[in-house]
Amino acid sequence: MSRYIIRRLISVIPTLLGVTFVIFMFQRLIPGDPAVAMLGEHATEENVQRIREQFGLNRPLFLDRDALANGDLRGFFDTQYLRYLGRLVRLDLGNSIHRRIPVAETLAIRFPATIELALLSMTIAILVGIPVGIASASRRNTLLDGTTMIGSLVGVSMPIFWLGLMEIMLFSVFLQWLPSGGRLSTGIEVEAITNLVLFDSLITGNIPAFIDAFKHIILPALALATIPTAIIARMTRSSILDVLQEDYIRTANAKGLAERVVLFRHALKNAFLPVITIIGIQTGTLLAGAVLTETIFSWPGIGKWVYDSILARDYPIVQGGTLLIAIIFVVVNLLVDISYAVLDPRIRYD
Amino acid sequence: MAEITPDEIGVVDFAVREHRSLWLDAWRRLVSSNTARLGMVVVMIFVFSATYAHFFWVYDAKTDLDYSLKLKPPNLFPTEEIAEPHYFGTDKLGRDIFRRTVHGGWNSLRVGIVAVSISMFIGVVLGILAGFYESMRITYMEKIVLMVLIALALGSLSAWIARQPIQALLFGALGAVSVIFENFQKGKPIRTVIFALVGILLGAISGMLVSPMVALVCGAWGALVGVVISLSLGGKFFSNIVMRFMDIILSFPAYLLAIAIVAFLGPGLEKGMIAIGVVGIPVYARLARSAVLSVSQKEYVLAAQSVGESHSRIMVRHVFPNILSPIIIQATMGLAAAILSAAALGFLGLGAIPPEPEWGSMLGDSYKYLSSGAWWAVVFPGLAIVFSVLGFNLLGDGLRDALDPKMRV
């Protein structure tokens with residue numbers, strides 16, 4: 001077991017290196033000189049040159065063979081990509097081009113908004129998806145089963161940005177019950193402790209702010225929860241049906257146990273393994289930022305931020321945000337794999 | 001006692017039973033399922049209307065503009081004000097949404113087919129190669145090719161540093177040598193040491209011609225190359241490289257990677273197709289690899305091997321046809337996913353270039369008017385997306401049941 005975990009941990013290193021490489025290449029290959037982008041179109045040639053030197057943009061991309069030929073081993077490794085890696089190790093993601101504040105700082109403020117939304121959506125998805133899956137598996141081939149399966153297929157087929165628009169249309173425009181976007185109404189302040197507004201307003205006892213925050217988050221959370229709910233329900237159902245065909249279930253049935261006991265005591269435990277996996281992967285996807293949902297609901301998370309920065313050509317943000325998202329994705333997948341090995345002793349990896 | 005004929009007791013005479021192929025069987029299962037039939041009907045309506053509109057219903061998006069009809073709600077019959085019926089209403093430029101929705105189908109269909117073809121072709125080829133060589137012993141010639149390629153790839157770094165293309169070729173030759181002397185008598189550790197030494201010599205001697213420092217670095221790198229090619233790598237190594245590469249693509253969330261690729265290539269429907277296609281490659285590679293891994297242990301593959309068929313022939317004739325069903329299922333579902341992704345890109349303004357009709361960009365154009373009550377401009381293109389995607393998903397679900405009876409639940 002521990003050998004498997006160590007091997008799996010080591011296998012993350014080349015993946016992460018590859019991720020940094022791809023992100024680095026994207027920024028360098030995108031048309032336009034970053035130095036000009038930093039200074040604006042009207043910068044003088046001297047200033048551009050100065051910025052290039054300051055940020056090492058005049059250095060070669062990966063390895064400097066000219067420096068090495070002159071006997072300079074340090075200069076050989078003093079290149080853009082390796083400098084970039086060095087900065088990453090020091091958690092320095094650079095400054096935003098337009099607002100000139102450190103990317104890492106803004107990420108730390110923006111990311112909790114995404115976490116909050118993702119966690120709430122996942123909670124909704126689990127609370128709805130698993131019971132629905134269990135119900136339709138235990139009443140297989142009934143009207144209920146058929147309806148939920150078609151329903152979940154519709155859920156998977158739904159463009160969430162459109163669903164979000166429909167929610168806004170119904171609840172914000174026609175019924176006017178809920179706000180159509182943002183995280184808090186203007187004028188309402190919450191003391192920032194964790195930057196999770198729901199949590200912060202609760203522990204500071206700020207009930208009006210909590211209600212306001214909840215009103216803002218519920219529509220995007222529902223929209224975002226649609227696909228995970230559908231996937232979790234389908235997975236729960238098919239996994240339970242798989243387990244119900246096992247011998248030990250037949251034994252339990254044969255010795256006359258109530259159907260309810262067989263389902264909840266015997267079948268569920270084993271059926272939950274693939275469900276947990278799918279929950280993990282979906283959580284990774286949600287944490288990775290829901291660009292579309294965040295855009296529609298003006299939710300100040302990282303997805304919308306990265307997207308806005310792509311349009312504004314603010315590449316340090318794109319680079320930093322994408323890197324964070326990719327790392328979260330890789331780490332969540334790693335945790336899912338490891339938890340799988342821990343939870344299911346039958347699985348042995350060589 | 002009366003004589004009993006086989007007909008009377010309903011015995012099936014297997015010798016004269018009607019011949020049914022695997023695919024015909026699957027087809028029968030498919031059309032007997034309600035959901036699959038529904039899916040087929042939806043897909044057919046979608047494909048037919050899109051194709052018909054593209055070829056026979058003339059529409060020039062560039063000249064379609066009428067401010068007097070701006071944001072009119074749907075009207076089923078001509079009125080005094082509005083001469084023509086607009087079943088889905090009109091958008092902010094007074095364009096008929098029904099017409100644009102039907103025409104938009106052609107673009108979605110195109111994106112779906114092209115994107116899925118890109119990811120399916122590259123993914124399946126990579127997946128078959130990876131899975132096949134992971135489970136098969138590779139032949140002598142294949143091993144030479146693999147080692148030469150690895151040595152060339154690694155050696156070219158040293159050659160690039162020293163500006164001596166010839167060095168890469170020397171390393172390549174060293175790779176071939178490592179296969180020829182695979183069963184070195186003195187044992188593995190000695191073999192590794194010898195190859196490391198040869199590597200140092202290859203890198204350092206030619207590096208000396210440039211400068212001592214270059215010789216040092218090239219020598220160190222050469223030692224590493226020597227150690228790697230002395231390891232007698234096999235198909236497992238090749239498969240690992242391919243799959244790690246797929247992992248890197250998979251470690252980006254699909255939407256974000258597609259957006260990044262489009263940001264890099266520039267907006268446009270064709271760029272979107274490429275982006276969505278590239279993002280989808282790992283799914284097919286993983287699927288094909290795992291299917292090949294299970295197929296390659298089957299008796300018919302062993303039989304083909306034992307009669308001496310070449311690896312490429314086994315892959316094409318025996319392995320590929322037997323992994324087709326999961327790939328067909330995935331491709332159908334993939335069409336649905338590609339249409340969704342294309343709509344998402346279009347919505348963000350990174351898809352089709354206006355005024356080209358495309359469902360996602362139609363939504364992106366109109367959603368700002370939702371607060372002023374223009375629901376029709378958002379509802380209908382969205383419904384078109386939902387129904388076409390649902391159609392492909394239903395069909396894919398039915399195909400899964402039809403093609404793979406084992407997976408039926």
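This presentation describes a predicted model of two chains, A and B, and then turns to one helix of chain A.

Good morning, colleagues. I shall begin with the overall picture of each chain.

Chain A contains 16 helices and 0 strands. Its C-alpha atoms occupy a box of roughly 85 × 60 × 40 Å along the principal axes. Of the 350 residues in chain A, 36% are buried. If one takes the contacts in chain A between residues at least 6 apart in sequence, 67% of them join residues at least 24 apart.

Chain B has 15 helices, again with 0 strands. The C-alpha trace of chain B spans about 95 × 95 × 35 Å along its principal axes. For a compact globule of 409 residues one would expect a radius of gyration near 22 Å, whereas chain B has 30 Å. Buried residues account for 46% of the 409 residues in chain B. Among the contacts of chain B between residues at least 6 apart in sequence, 71% link residues at least 24 apart.

A word on confidence is in order. The mean pLDDT of chain A is 81, and 95% of the residues score at least 70. Among the elements of chain A, helix α2, residues 34-39, has the lowest mean pLDDT, at 70, while α7(A) has the highest, at 88. As a general caution, predicted coordinates should not be read in detail where pLDDT is low.

I now come to the interface between the chains. Here, 41 residues of chain A are in contact with 42 residues of chain B. On the side of chain A that touches chain B, helix α1, residues 2-29, gives the most, with 7 residues. By residue type, that side of chain A divides into 32 nonpolar, 7 polar and 2 charged.

Let us look more closely at helix α9 of chain A, residues 160-174. This helix has 15 residues and reaches 20 Å from its first C-alpha to its last, close to the 21 Å expected at 1.5 Å a residue. Where is the kink in α9(A) centred? It is centred on I168(A), and the kink amounts to about 25 degrees. I168(A) is also one of the buried residues of α9(A). The others are I160(A), F161(A), W162(A), L163(A), G164(A), L165(A) and M169(A).

What covers the buried residues of α9(A)? The cover includes elements of both chains: from chain A, α11 (207-243) and α14 (291-296), and from chain B, α13 (324-347), α14 (359-366) and α15 (376-403). After α9(A) comes Q176(A), with a positive phi near 55 degrees.

Two further residues of chain A deserve attention for their backbone. N141(A) is not a glycine, yet its phi is positive, at about 65 degrees. This residue sits in the loop between α7 (103-138) and α8 (143-157) of chain A. Is N141(A) buried or exposed? N141(A) counts as exposed, because 8 other C-beta atoms lie within 10 Å, and the cut-off for exposed is 12 or fewer.

S298(A), likewise a residue other than glycine, has a positive phi near 45 degrees. S298(A) belongs to the loop between α14 and α15 (302-312) of chain A. With 14 C-beta neighbours inside 10 Å, S298(A) is classed as partly exposed.

To close, I would recall the helix with which we spent most time: α9(A) has a kink centred on I168(A), and its buried residues are covered by elements including helices of chain A and chain B. Thank you for your attention.

Technical notes:
Residues numbered from 1 in each chain as written. Chains lettered and ligands numbered in written order. Predicted model: local features only at pLDDT ≥ 70, side-chain atom pairs only at ≥ 80, totals over all residues. Helix = DSSP H or I, 4+ residues; strand = E, 2+ residues; numbered from the N terminus. Expected span 1.5 Å × (residues − 1). Bend = angle between axes of the 7 residues up to and from the residue. Buried ≥ 20, exposed ≤ 12 C-beta atoms within 10 Å, placed from the backbone. Contact = placed C-beta atoms within 7 Å. pLDDT = per-residue confidence, 0-100. Nonpolar A, V, L, I, M, F, W, Y, C, P; charged D, E, K, R; others polar. Rg over C-alpha atoms; globule rule 2.2 N^0.38 Å.
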